[in-house]
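Work through the exercises below with the sequence and the structure at hand. Each task is followed by a solution in steps.

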Amino acid sequence: MLAKPPVPGQSPRWPGVVAALFYGVLSGSMSFVNKAVLTMLGFHFPCFLMLCQMLFTAALLRCLGALGRVSLPLATLANLRLCWLPSFFGLFHSVLSLQALDGMNVAMYTILKRCVPLVTLLLAPCLPTKGAPSLFVVVSIAVMTLGCVFTGLGDLTFDLAAYTFGLLSVFSQALYLTLVQSLSLQENTLSAAGIAYLNSLNCLVPLLLYTAYTSEFARVWDFPDLHSSRFLLAFLVVISMGCALNYSVFLCTTLTSALTLSVVGVMKSVVVVMVGLFVFGGVKLSVLGGVGVALNTLGSSLYTYAKYREKTGVAIEADHTSTSQNLVSGQA
């Protein structure tokens, strides 16, 4: 039996699946690791954390490039300019997320981040290859967002500053993902590693200036547990995972789409919420907050199913088209 010929314009499925799983595992565990460092160890220096992550990412990718493991673009002004906007919103998102997580429970933070698909959906028309979403997708996102609102209103430990940081991080993340995907569509010469490398270089100067301006360097130096083995191990894990997560975001977005990244984020967030409700002191919710969690989880499930239906529907349609073309070619 002859193998099916590849459908023109259709990318292989497995690399995208592996990239999505890689992102999901890292992203799911990263919230707990960051929360442990920020809250349990009392290391309240998000900009310094981001600066170290970007330095580590740039240095690691540079070493891999020198060994011939990855292909990196030259750090010219023109190339850095290409990634300037994604770098800005990515940096803004990362710092705001750490600020929000410092004042929120992991479960509440994760539920709030489920508003990302709504903003991504609103930004989707900015991409040249995206069509209108189905009614099923729109309804599921509406249910998910309503659940976010109810959960926030029912959070008995509501922190206005933390929720504000969280909402701002939602908008910046959606812009960041959309810009990365747009960049990958326009600049086919840039790989996921190349975008991650340029992004890290773009973020170094603003982070360095801001960290110096806010005297975080001096406060980090005075941190009481700076030289303890427990803190150094946790710090190394956070930096390493942050580096891997940055790369996984670019990899998943370039191999799939910004919306797929949001779907994976929603799927892993169900697990994170269930665990987050009972760790780091748990969550105090009113009845309205409990209804919000249930609605949010329901909307997430519907959203994932809707995207699965859309994806399989496109694949079946493409397969039928390919079969018809083969039959026509055979008759000719």
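The exercises start with the whole chain and then turn to single helices and residues.

**Exercise 1. The whole chain**

Describe the secondary structure of the protein and the order of its elements.

Solution. Step 1: the model is predicted. Step 2: counting elements gives 13 helices and zero strands. Step 3: read from the N terminus, the order is α-α-α-α-α-α-α-α-α-α-α-α-α.

**Exercise 2. Burial and surface**

State what share of the residues is buried, and how much area the protein exposes.

Solution. Step 1: the protein has 332 residues, and 48% of them are buried. Step 2: the exposed area is about 17000 Å². Step 3: carbon and sulfur atoms supply 70% of that area. Step 4: turn to contacts between residues at least 6 apart in sequence; 90% of these join residues at least 24 apart.

**Exercise 3. Confidence**

Find which element has the lowest mean pLDDT and which the highest, and locate stretches where pLDDT stays under 50.

Solution. Step 1: pLDDT is the predictor's confidence in each residue, from 0 to 100. Step 2: the average over the protein is 76, and 82% of the residues score at least 70. Step 3: helix H13 (residues 287–331) has the lowest mean of the elements, 63, and helix H10 (residues 216–221) has the highest, 88. Step 4: over residues 1–11 pLDDT stays under 50, and the model has eight contacts beyond four places in sequence for them. Step 5: residues 315–332 also stay under 50, with eight contacts of this kind.

**Exercise 4. Two packed helices**

Describe how helix H2 passes helix H9, and sort the residues in contact by class.

Solution. Step 1: two packed helices are described by the angle between their axes and the distance between the axes. Step 2: the axes of H2 (residues 46–66) and H9 (residues 192–213) come within 8 Å and cross at roughly 145°. Step 3: the crossing is left-handed. Step 4: on the H2 side, the residues in contact include Phe 48, Met 50, Leu 51, Met 54 and Leu 55. Step 5: on the H9 side, they include Ala 196, Tyr 197, Ser 200, Leu 204 and Leu 208. Step 6: sorted by class, the contact has 17 nonpolar, four polar and one charged residues.

**Exercise 5. A proline and a serine**

Place Pro 206 and Ser 215 in the chain, and decide for each whether it is buried, partly exposed or exposed.

Solution. Step 1: Pro 206 lies in helix H9. Step 2: partly exposed covers the range between 20% and 50% relative accessible area. Step 3: Pro 206 has a relative accessible area of 39%, so it is partly exposed. Step 4: its C-alpha is 9.2 Å from that of Phe 88, which is 118 residues away in sequence. Step 5: Ser 215 sits in the loop between H9 and H10. Step 6: Ser 215 is at 39% relative accessibility and is therefore partly exposed. Step 7: Ser 215 has a positive phi of about 60°, although it is not a glycine.

**Exercise 6. Two covered helices and their loop**

Determine how many residues of helix H5 and helix H6 are buried, and where Arg 114 lies.

Solution. Step 1: in H5 (residues 106–113), eight of eight residues are buried. Step 2: among them are Met 108, Tyr 109 and Lys 113. Step 3: in H6 (residues 116–123), six of the eight residues are buried, so this helix is largely enclosed by the rest of the structure. Step 4: the buried residues of H6 include Val 116, Pro 117 and Thr 120. Step 5: Arg 114 is in the loop between H5 and H6. Step 6: Arg 114 has a relative accessible area of 2%, so it is buried. Step 7: the C-alpha atoms of Arg 114 and Met 267 are 9.9 Å apart, with their positions 153 residues apart along the chain.

**Exercise 7. Two small residues**

For Ala 20 and Gly 276, list the contacts beyond four places in sequence.

Solution. Step 1: Ala 20 is in helix H1 (residues 13–40) and is buried at 12% relative accessibility. Step 2: Ala 20 touches Cys 252 and Val 264. Step 3: Gly 276 lies in helix H12 (residues 258–276) and is buried at 0%. Step 4: Gly 276 is in contact with Phe 32, Asn 105, Ala 107 and Val 283.

Definitions and conventions. Residues are numbered from 1 along each chain as its sequence is written. This is a predicted model: local features need pLDDT of at least 70, side-chain atom pairs count only at pLDDT 80 or more; totals for chains, interfaces and linings use all residues. Side-chain values use heavy atoms; hydrogens and water are left out. Helices (H or I, at least four residues) and strands (E, at least two) are DSSP runs, numbered from the N terminus. Buried means under 20% relative accessible area, exposed over 50%, partly exposed in between (1.4 Å probe, protein chains only). Contact means heavy atoms within 4.5 Å. Accessible areas come from the Shrake-Rupley method with a 1.4 Å probe; for residues, only the protein chains shown count as cover. Axes are lines fitted to C-alpha atoms, for helices over the stretch in contact, and angles run from 0 to 180 degrees between N-to-C directions. A crossing is left-handed if the near helix is turned anticlockwise from the far one by less than a right angle, and right-handed if clockwise. Ala, Val, Leu, Ile, Met, Phe, Trp, Tyr, Cys and Pro count as nonpolar, Asp, Glu, Lys and Arg as charged, and the others, Gly among them, as polar.
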